[in-house]
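Me: Please take a close look at one part of this model and describe it in detail. I would like a single connected account, with the cut-offs for any terms you use.

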Amino acid sequence: MTVLCWLRLRGQRLAMLHVARGVWGSRVRGWPLLPALLGPARALSSLAAKMGEYRKMWNPTEPRDWAQQYRERFIPFSREQLLRLLIQEFHSSPAEKTALEEFSAHVDFCTLFHYHHILTRLQALYDPINPDRETLDQPSLTDPQRLTNEQEVLLALGPLLAQANFSPLSEDALAYALVVHHPQDEVQVTINLDQYIYMQFWALGQRVGQMPRKSSVGSKRRFFLKSSPAQRRYFKRVVLAARTKRGHLVLKSFKDTPLEGLEQLLPELKVRTPTLQRALLNLTLVVSGVAVFVNVGMVVLTDLKVGTSLLLLFFAAFMGLRASKVAKLPPSHPQMFGQQRSVQALELAHMLYYRSTSNNSELLSALALRAQDEHAKEALLAHSFLTRRPGGAGGPPEETSQWLQSEVENWLLAQSGCEVTFDGTRALGHLQALTPGTGKYPPPGFPKLDSLDTVTHSQVVPSGGNP
C-alpha cells in the first residue's frame with residue numbers, strides 16, 4: 001500500500017484519535033445551544049450581576065475559589081524537551097531510545113493528516129464569515145445567518161481548544177477581570193456590556209511572577225520614584241472569541257496576558273483616566289487657578305475697588321467654566337485629560353502589538369498545530385509510563401487511567417514545578433488508537449516512513465503557526 005492510497009482512506013483508521021468527531025458531521029443550527037457552548041450562566045446579564053458583587057468587595061486579589069475554577073492542563077515542555085527528559089529517565093539504552101524515537105515519528109505521521117483534515121473542515125465553516133478573506137467576495141449574509149455560522153464555528157472550535165489544553169475562564173473570573181485593575185496598570189479601559197452579544201476567554205500556561213517587559217502597560221516611574229516590577233498572575237496564551245452587536249466574530253490570540261488585563265483585549269473599548277491621575281490633574285488645575293487669581297486677578301480687581309465676596313464669586317465662576325470645558329474635551333484633544341488619554345491609548349496599542357500572536361483564520365491553523373502537539377505529548381507520556389508499569393496497559397481501564405494520571409502529574413510537578421492536571425483517560429485512548437496492541441506499532445498495512453519521499457511537500461505539511 002502506498003502513501004497516496006493511504007491518504008484516500010480519509011482518516012478511517014484515525015477516527016479513534018479522540019477529537020469529537022461528531023462535531024464535524026453535524027451542522028447544528030439554532031441559538032439555544034449558545035449558552036451550552038459558552039458555559040453555564042454565560043448570559044451577559046448574569047455577568048453584570050457578578051461584576052456588581054466584585055465592585056462591593058474591598059480590594060479583591062483573585063477570583064473567588066480560583067484554585068477550583070482554573071486547572072492547568074498545558075504540558076509545559078516542548079516536544080523536543082519532553083523527548084529528552086523521557087529518554088534520560090525511562091529509555092536510557094540505545095535500543096530503547098531508538099524505539100521511542102520511532103514511536104514519536106509514528107505519532108507524527110498519524111496525527112498530521114488527521115489534524116490537517118480537521119483544519120480543512122474548520123476553515124470551510126469559517127470562510128463565509130471570515131473578515132480577512134482575500135478571495136472574491138461571496139453574497140452577503142443576513143445577520144441571523146452570520147450569527148448561525150459563528151455558532152457553528154465556535155461549536156466546532158471547542159473540541160480543538162480542549163485538545164490543545166486550553167482551559168475556559170469562568171464567568172466569575174471574567175467578572176473579576178472586568179472590575180479589578182492592577183495598581184501598576186496606569187492604562188485602564190472600560191467597556192459597555194450592552195454592546196456585546198457574547199464573549200469568552202480560554203487560557204493556558206498560568207504563571208505568577210514578573211511580566212515580560214514588552215507586554216507590560218504603563219509608565220515605569222510613578223511620581224518621583226521608580227516602581228519595582230510587581231508579581232502578576234498572567235497566562236502564556238489567551239484565546240478570545242467575542243461578538244459585538246454592530247460587528248462580527250473576533251477570534252484573537254495573545255501572549256503574556258495578566259488576569260486583570262483581559263478587558264484590554266476586547267473590541268469596542270474606551271481608555272479612561274484612573275481616579276488618582278484625575279485627582280492630580282484637578283489639583284494642578286486648582287493650584288494654577290489660585291496662582292493666577294492671586295498674582296493677577298487680585299491686583300486688577302483691587303484697583304477697580306471690587307469687594308471680596310465678588311472676587312470670590314468671579315474666581316469660582318472662572319474655575320467652574322474651566323473645569324466644564326476640560327470635561328467636554330474629546331479623547332483626542334491635546335489638552336488635560338484628552339492629552340493623557342491619547343498617551344495611554346498609544347501605550348495600549350504598543351502593548352497589544354507585542355502581545356498579539358494570531359487572528360481569525362490564522363488562529364484556526366495555529367490551534368490545529370497546537371492540538372496536534374499536545375496530542376503527541378500525551379501519547380508519548382502514556383507510552384513511556386505504561387512501559388514501566390507492571391502489566392502495562394492491562395487491567396481495568398479506569399484503574400489504568402487513574403494510575404497514569406497520578407504518575408504523570410507527580411512527574412511533571414517534579415520536573416517543571418508546575419501543577420498540571422493530566423487527562424489519563426484521554427491519553428490512554430490516544431495510545432490505544434495509535435497502537436493496536438500496546439508496544440506493537442506500526443499497525444498492519446501502515447505505510448513505511450521512507451515512502452514519504454514520494455509525496456510532495458504541499459501534500460503533507462499544513463500551514464499555520466503557534467497561537
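Reply: What follows describes one sheet and a residue beside it, with the chain as background.

The model is predicted, with local features needing pLDDT of at least 70 and side-chain atom pairs counting only at pLDDT 80 or more, while totals for chains, interfaces and linings use all residues. Residues are numbered from 1 along each chain as its sequence is written, and side-chain values use heavy atoms, without hydrogens and water.

First, the background. The protein chain has 16 helices and nine strands; these are DSSP runs, numbered from the N terminus, with helices being H or I of at least four residues and strands E of at least two. Of its 467 residues, 43% are buried, where buried means under 20% relative accessible area, exposed over 50% and partly exposed in between, with a 1.4 Å probe and protein chains only. Among contacts with a separation of 6 or more, 80% join residues 24 or more positions apart; a contact means heavy atoms within 4.5 Å.

Now the sheet. Five strands form an open sheet in the order β1-β3-β6-β7-β9, with antiparallel pairing. At its edges stand β1 (167–168) and β9 (356–359); each has a single partner strand, so one side of each is left without a neighbour in the sheet. Two strands count as paired if DSSP finds at least two bridges between them. In general, strands of a sheet pair through backbone hydrogen bonds, either parallel or antiparallel.

Within this sheet, β6 (residues 231–244) and β7 (residues 249–258) are joined in the antiparallel sense by nine bridges. Phe-235 faces Thr-257 of β7. Strand β7 also holds Asp-256, a residue other than glycine with a positive phi, near 50°. Asp-256 counts as buried because its relative accessibility is 7%.

For contrast in setting, Asp-65 also has a positive phi near 50°. Asp-65 is in the loop between α4 (44–56) and α5 (66–69), and counts as exposed because its relative accessibility is 57%.

That leaves the residue beside the sheet. Edge strand β9 covers 356–359, and Asn-360 belongs to helix α13 (residues 360–387). Asn-360 is buried, because its relative accessibility is 7%. Beyond its neighbours within four places in sequence, Asn-360 contacts Leu-249, Val-250 and Leu-251, and also Tyr-126, Asn-130, Pro-131 and Asp-132. Strand β7, with residues 249–258, includes the leucine, valine and leucine of that list.
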